[in-house]
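Subject: Structure handover and notes

Dear colleague,

I am passing the structure below on to you, and my notes on it come after. Please read them alongside the coordinates.

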Amino acid sequence: MNSSSDTQRVDSFSKKTHFAKGQVIFRQNSAADCAYIIETGEVEILIEAHGVETPLSYLSEGEIFGEMAIVDGKKRSATARALTDCTLTVVHQSQVQERVERADSIVRLLLMILIKRLRAHSQTNALPSITLEAPESLAWVQKDPKNVMEKIKFESELLQAVEKNNFLLLYQPIIDLKTEKMVGAEALIRWQHPQRGLVSPEVFMGIAEETSMIVPIGRWVINQACKDLKSLQQLLTASVQPIYVSINISGNQLQDPNIFQNLETAAATNQLRKSDLRIEITENILLSGAMAVNCLRKLKQSGFSVILDDFGTGYSSLSYLSELEFDFLKIDRSFTQKMSHDKKSKILCKSILNIAQELEIPVIAEGIEQQEQKQALTEFNCQYGQGFLFAKPLPLEQLIEFYKKTNKE
Ligand code: C2E
Ligand code: CMP
Ligand code: CA
Ligand code: CA
């Protein structure tokens with residue numbers, strides 16, 4: 001008694017269903033809202049056309065069927081019939097739908113192509129003229145196949161660029177707002193594309209991050225920036241304060257087990273002081289997990305400077321400011337640019353500067369385009385600035401010219 005009511009409960013909880021030998025589970029061309037996993041028994045998949053049945057497959061324990069229609073939102077491509085008494089677990093459409101929606105767009109497109117081919121294959125088996133295509137299909141299945149194809153092509157081009165190192169580093173001067181002299185520069189990557197010209201990181205770094213391409217690209221940036229910093233320091237020996245270069249490093253890059261060694265080697269090969277190489281990371285790095293945070297701690301202990309970039313735009317807790325020691329803090333340009341016309345942004349800038357001052361962390365304001373912005377930031381005791389008001393990101397030779405012009409006595 002007890003055991004039978006238990007079985008009943010388990011059945012309704014795990015959505016199991018039973019079919020007797022010979023029973024049709026679903027018919028070809030019917031609407032679908034679930035797939036099935038065979039727990040016990042055997043199932044035949046067949047095509048019916050003009051009264052003729054053509055078997056496609058025989059399935060047994062552990063296999064899934066009825067998945068095609070719930071993935072592509074069309075009608076059943078074939079009939080399923082119980083060959084023996086069967087127990088099946090029901091997989092609801094929403095379980096699959098959510099995963100397909102979340103999947104990478106390229107994976108989604110490949111899935112749809114495979115299903116389309118399978119459907120065409122079933123159709124051939126069901127000669128002579130059966131239509132399996134239902135008129136409607138779910139919008140979520142594939143929103144924009146053309147765009148996805150473009151994305152794959154773009155990705156292939158980027159892969160080639162990685163092999164050939166078709167990148168360039170531009171440098172945007174960082175200015176001491178009091179003395180108006182250049183103290184360092186931020187390295188900003190560009191892709192030198194044969195047809196598109198210089199491509200912005202906003203366009204390709206997303207794809208590089210989605211794939212593992214960020215790792216070789218990041219390695220190239222580290223090596224090139226270290227070489228460039230060496231030549232800068234050799235050329236500009238007259239300055240009392242040695243010039244520095246900052247590079248951007250993402251959370252995914254910090255998860256690469258070789259990154260620490262890459263940075264150490266690049267600094268040693270070029271005989272650089274590690275504190276002159278500044279690593280810009282964003283708050284979101286803290287969401288990348290323990291490995292990234294540990295790597296950051298190791299870099300810090302080893303003597304590299306660390307800048308907290310885009311401050312205030314990502315991760316919402318301030319507690320990390322006490323957990324991790326940052327050498328500099330960077331105010332994102334979204335705050336700097338709004339501060340001249342938006343009172344709240346101005347208050348936010350002022351508050352960020354107050355917090356930083358209390359913590360004795362110097363601040364760099366990014367995206368300064370207007371004199372008033374610079375003035376307001378100076379009034380709030382912001383030490384450093386960067387933006388089109390001073391210079392756009394420049395090729396290395398122009399950066400040297402800029403330095404010579406700005407820093408002459
Ligand atoms: P970011 O680190 O916030 O870099 C600052 C961005 O603001 C740069 O865009 C710079 O050109 C732009 N900018 C600076 N001053 C001004 C200004 O006054 N006005 C305006 N409108 N823009 C200004 P860019 O070079 O397109 O870089 C975009 C983002 O790409 C960077 O944002 C950074 O997150 C990423 N990135 C660039 N180079 C690298 C790299 O080598 N490695 C990694 N991981 N990310 C990089
Ligand atoms: P669906 O189209 O939802 O309903 C019929 C199911 O039969 C289908 O999902 C697949 O699970 C299965 N099916 C369709 N074509 C084949 C085939 N060629 N070989 C094996 N199974 C198939
Ligand atoms: Ca940056
Ligand atoms: Ca920024």
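The notes below cover the conventions, the two calcium sites, ligand 2 and a surface patch.

This is a predicted model, in which local features need pLDDT of at least 70 and side-chain atom pairs count only at pLDDT 80 or more, while totals for chains, interfaces and linings use all residues. Residues are numbered from 1 along each chain as its sequence is written, chains are lettered from A and ligands numbered from 1 in the order in which they are written, and side-chain values use heavy atoms, with hydrogens and water left out.

The calcium ion (ligand 3) has as its protein donors E186 (OE), N248 (OD1), E280 (OE) and D309 (OD), at 2.1 to 2.3 Å; donors here are N, O and S atoms within 2.8 Å of the metal (3.2 Å for Na, K and Ca), and sites may look incomplete because water is not among the atoms. The spacing of these residues in sequence is E-x61-N-x31-E-x28-D. This site links distant parts of the chain, since E186 lies in strand β10 (residues 182–193) and D309 in strand β14 (residues 305–311), 123 residues apart; strands are DSSP runs of E of at least two residues, and helices are runs of H or I of at least four, numbered from the N terminus. E186 counts as buried because its relative accessibility is 4%, and D309 because its value is 5%, where buried means under 20% relative accessible area, exposed over 50% and partly exposed in between (1.4 Å probe, protein chains only).

The calcium ion (ligand 4) lies 5.5 Å from the calcium ion (ligand 3). Its protein donors are D310 (OD), D332 (OD) and, listed twice, E366 (OE), at 2.2 to 3.1 Å, and both D332 and E366 are buried.

Turning to ligand 2, an oxygen atom of ligand 2 lies 2.8 Å from a backbone N or O atom of G66, whereas side-chain N or O atoms of R76 and S77 are 2.7 Å and 2.8 Å from an oxygen atom of the ligand. The protein covers 89% of the 450 Å² of accessible area that ligand 2 has on its own (Shrake-Rupley method, 1.4 Å probe). Helix α2 (67–72) is among the elements that give two or more residues to the shell, and its three residues are the largest share.

Finally, L318 sits in the loop between β14 and α11 (320–323) and is partly exposed, with a relative accessible area of 47%.

Best regards

Terms used. A polar contact is a pair of N or O atoms within 3.5 Å; within protein, one must be able to donate a hydrogen and the other to accept it, and residues adjacent in sequence count only if both atoms are side-chain atoms.
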